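Trainee: I am new to this structure and would love a close look at one part. Could you walk me through it?

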Amino acid sequence: MELSRADASAIDPAARDAALRELGVERGAWIASGTEAEVYGLTDERVLKLYPDPGRACALEVLRRFYDSLRGEGLPFALPRIYDITPVRGLLAVTERRIEGKPLSEPLLAAHGVAS
């Protein structure tokens with residue numbers, strides 16, 4: 001399987017607004033725009049990620065199965081979890097566990113003396 005990154009800047013504003021309306025998510029719930037997706041808060045436990053390419057659903061299903069296979073008991077950190085993957089209005093809407101904190105790359109790079 002080829003891995004490629006989507007570009008969140010490719011999200012059409014009209015498609016975004018229509019998708020958010022259809023999903024019942026307020027535009028003001030926006031948290032951040034990452035490299036691959038825009039992130040919106042749903043609850044204290046869940047976020048919505050909007051990806052510009054609904055063709056990524058298969059790759060995200062593989063990632064969901066991988067996350068589900070991990071056993072996180074006793075770990076001092078939360079593991080990701082994907083709850084739902086749905087194409088909507090030409091975008092891909094993904095509901096995930098909300099994990100507060102820093103990207104894992106930051107402490108890993110810092111441990112190796114690399115600035116992020």
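Trainee: Which strands does helix H1 lie across, and at about what angle does it run to S3?

Mentor: Happy to help, and please keep in mind that this is a predicted model. Helix H1, residues 13–23, lies across S2, S3 (46–51), S4 and S5 (91–97). Its direction is at about 145° to S3.

Let us look at the sheet itself. Its 5 strands form an open sheet in the order S1-S2-S3-S5-S4, and the pairing is antiparallel. At the edges are S1 (30–33) and S4 (82–88), each of which pairs on one side only. On average, neighbouring strands in this sheet are turned by 20° against each other, ignoring direction. S1 is joined to S2 (residues 38–41) by 3 bridges, and the two run antiparallel. In this part of the sheet, Ala32 stands opposite Val39 of S2.

Now for the nonpolar residues. The largest nonpolar core has 12 residues, among them Ala15, Ala19, Leu20, Leu48, Leu50, Leu91 and Ala93. H1, S3 and S5 are the elements that give it two or more residues, and H1 provides the largest share, with 3. Ile11 also belongs to this core. Leaving aside residues up to four places away in sequence, Ile11 touches Arg16, Glu38, Leu50, Tyr51, Pro52 and Leu91. A second, separate core has 8 residues, including Ala37, Tyr51, Leu60 and Leu92.

Finally, there is another helix to find: H2, residues 57–69, lies across S3, S4 and S5. H2 runs at about 170° to S4.

How values were computed
Residues numbered from 1 in each chain as written. Predicted model: local features only at pLDDT ≥ 70, side-chain atom pairs only at ≥ 80, totals over all residues. Heavy atoms only, no water. Pairing = 2+ DSSP bridges. Helix = DSSP H or I, 4+ residues; strand = E, 2+ residues; numbered from the N terminus. Axes fitted to C-alpha atoms, helices over the stretch in contact; angles between N-to-C directions. Contact = heavy atoms within 4.5 Å. Core = buried A, V, L, I, M, F, W, Y, C linked by side-chain atoms within 4.5 Å. Buried < 20%, exposed > 50% of the residue type's maximum accessible area, 1.4 Å probe, protein only.
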